[in-house]
Amino acid sequence: MIQVDIKLKRDNFNVIINETFDNGITGIYGPSGSGKTSLLNSICGLAKPQEGNITVNGKTLFSSTKKINVPVERRNIGYVFQEGRLFPHMTVEKNLMYGVRKDKPQKLSFDEIVDLLNLRHILKSRPSNISGGERQRTAIGRTLLSFPELLLLDEPFSAVDVNLRQQILPFLIEIQKRVNIPILVVSHDISDLLKLTNKLFIIQKGKCIGFDDYHHLIKQESVKEIFTGDVLLNAVTLKVKQVNHDTGLTILSADGKENFIKVLCEKSRTNYEPGEEIKIFIRSDDIALSATQLPGITIQNQLDGIITDIIERENIMLCVVDVGFPLIVEITAASLRRLNIRIGAPVWCLFKSVAIDVAG
């Protein structure tokens, strides 16, 4: 658990934060210059707040009243910068070994971290000879080998292209499962964050304007401006029910629910096992609503649900549909009236298998 209650002066405004971050992944989201990196720098000790307190797992790292300011190297916090900052003259293996702390109990061994991050085939390579995604994974591995109590990632995807981002995302999700520590991830891209977590901390001009589950945040007036103009993304964790290599489809389901989702195997790994959890992503504008189920069409995913909320956003309406898990669907105001869509109404959510992306 991380407790942050600080005031930090920037060039043109104060960063004022008073929040508690629990285990799990928290996305730190906001426009450029809003104070995201300043928050991380304060927690790890690279920036000194004017006043306040910072506590990690009950240990005070900074207190202006008690005159405590633990040095960076003694805070036991892992920090991965957007460019990785690997030693260019060292191999991947030596970069990783540089992070090893022999004086601390190991949650994961060197070999476990190498295999977790899929780095074994490049251990003898130098950073200049590997891809951007591999460099970023190496930087994460080096940080994990110091066995931190907290992991901070500042714009971890900005230095890599879209395809390489897809390589890094599943590793971060698996890391959190294995080490079970708080992970704070800074990004100015909401889609990247939602592929990691639905728990978002929204910061604007140095102040928190929202800290909640994504599905709750989109209803709040305080963050309406932040989300305006973005296509919203549904990020859902489901379990593999069946893998059919003949049809090319993987069948997914939510625990105890009747609705199933079919996703093309080639958009994911083909070696999923029944019961395995995977995370899928569907854009809100890739889902259509129907008053009835539609037989005889090529759209394979047709999920029945209930409208639980309707949110007006400029010229479109956001319908939150409970299909066993919440789905956000974008429709026009005209469609809302034409279909007589209202809170409590039964509807069908329709989307193609090819519209689904998968982490992994």
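**View 1. I218 and the residues it touches.** Setting aside neighbours within four places in sequence, I218 is in contact with F227, L232, I311 and I328. This is a predicted model, so take the picture as a prediction. You'll find I218 in the loop between helix 7 and helix 8. Is I218 buried or exposed? With a relative accessibility of 10%, I218 counts as buried, because the cut-off for that label is under 20%. Look for R313 too: it sits 95 residues from I218 along the chain, and the C-alpha atoms of the two are separated by 9.7 Å.

**View 2. K219 and D309 form a salt bridge.** Here the closest N and O atoms of K219 and D309 are 3.3 Å apart. K219 belongs to the loop between helix 7 (214–217) and helix 8 (224–227), while D309 is part of strand 17 (residues 301–313), so this pair ties together parts that are 90 residues apart in sequence. How does each partner stand towards the surface? K219 is partly exposed, at a relative accessible area of 40%. D309, on the other hand, is buried, at 18%.

**View 3. E93 and K124 link a helix to a loop.** The side chains of E93 and K124 meet in a salt bridge, with 2.6 Å from N to O. Which parts does this pair tie together? E93 lies in helix 2 (residues 92–98) and K124 in the loop between helix 3 (110–116) and helix 4 (132–144), so the bridge connects parts that are 31 residues apart in sequence. E93 counts as partly exposed, at 24% relative accessibility, whereas K124 is exposed, with a relative accessible area of 66%.

**View 4. More salt bridges: R283 with D285, and a small group.** How many salt bridges does the structure hold? There are six. One of them brings together the side chains of D285 and R283, at 2.9 Å from N to O. Both ends of that pair are partly exposed: D285 has a relative accessible area of 35%, and R283 has one of 39%. Elsewhere, D111, D115 and R120 are joined into one network by salt bridges that share partners.

**View 5. Strand 8 is covered on both faces.** Zoom in on strand 8 (residues 150–154): five of its five residues are buried, so the strand is largely enclosed by the rest of the structure. Which residues lie on each side? L150, L152 and D154 are on one side, with L151 and L153 on the other, and all of them are buried.

**View 6. Strand 8 and its parallel partners.** Staying with strand 8, turn to its pairing. Strands of a sheet pair through backbone hydrogen bonds, in either a parallel or an antiparallel way. Strand 7 (residues 77–80) pairs with strand 8 in the parallel sense, over four bridges, and one match to look for is Y79 with its bridge partner L152. Strand 9 (residues 182–187) also runs parallel to strand 8, and four bridges join the two. On that side, L153 stands opposite V185 of strand 9.

**View 7. An open sheet of five strands.** Reading across this sheet, the order is 16-20-17-18-19, and the pairing is antiparallel. Which strands stand at the edges? Strand 16 (288–290) and strand 19 (326–332) do, each with a single partner strand, so one side of each is left without a neighbour in the sheet. Neighbouring strands of this sheet are turned by 45 degrees against each other on average, ignoring direction. For a closer look at one edge, follow strand 18 (residues 316–322) and strand 19, which pair in the antiparallel sense over seven bridges. Among the matches there, D322 has P326 of strand 19 as its bridge partner.

**View 8. Stepping back to the whole protein.** Nine helices and 21 strands make up the list of elements here. Of the 360 residues, 52% are buried. The protein exposes about 16,900 Å², with carbon and sulfur atoms supplying 47% of that area. Among contacts between residues at least 6 apart in sequence, 67% join residues at least 24 apart.

**View 9. How confident is the prediction?** The mean pLDDT of the protein is 84, and 89% of the residues reach 70 or more. Where is confidence lowest, and where is it highest? Strand 14 (residues 260–264) is the low point, at a mean of 71, and strand 6 (residues 68–69) is the high point, at 95. Where pLDDT is low, the predicted coordinates should not be read in detail.

How values were computed. Residues numbered from 1 in each chain as written. Predicted model: local features only at pLDDT ≥ 70, side-chain atom pairs only at ≥ 80, totals over all residues. Heavy atoms only, no water. pLDDT = per-residue confidence, 0-100. Buried < 20%, exposed > 50% of the residue type's maximum accessible area, 1.4 Å probe, protein only. Pairing = 2+ DSSP bridges. Contact = heavy atoms within 4.5 Å. Areas by Shrake-Rupley, 256 points an atom, 1.4 Å probe, with all protein chains shown as cover. Axes fitted to C-alpha atoms, helices over the stretch in contact; angles between N-to-C directions. Salt bridge = Lys/Arg side-chain N within 4 Å of Asp/Glu carboxyl O.
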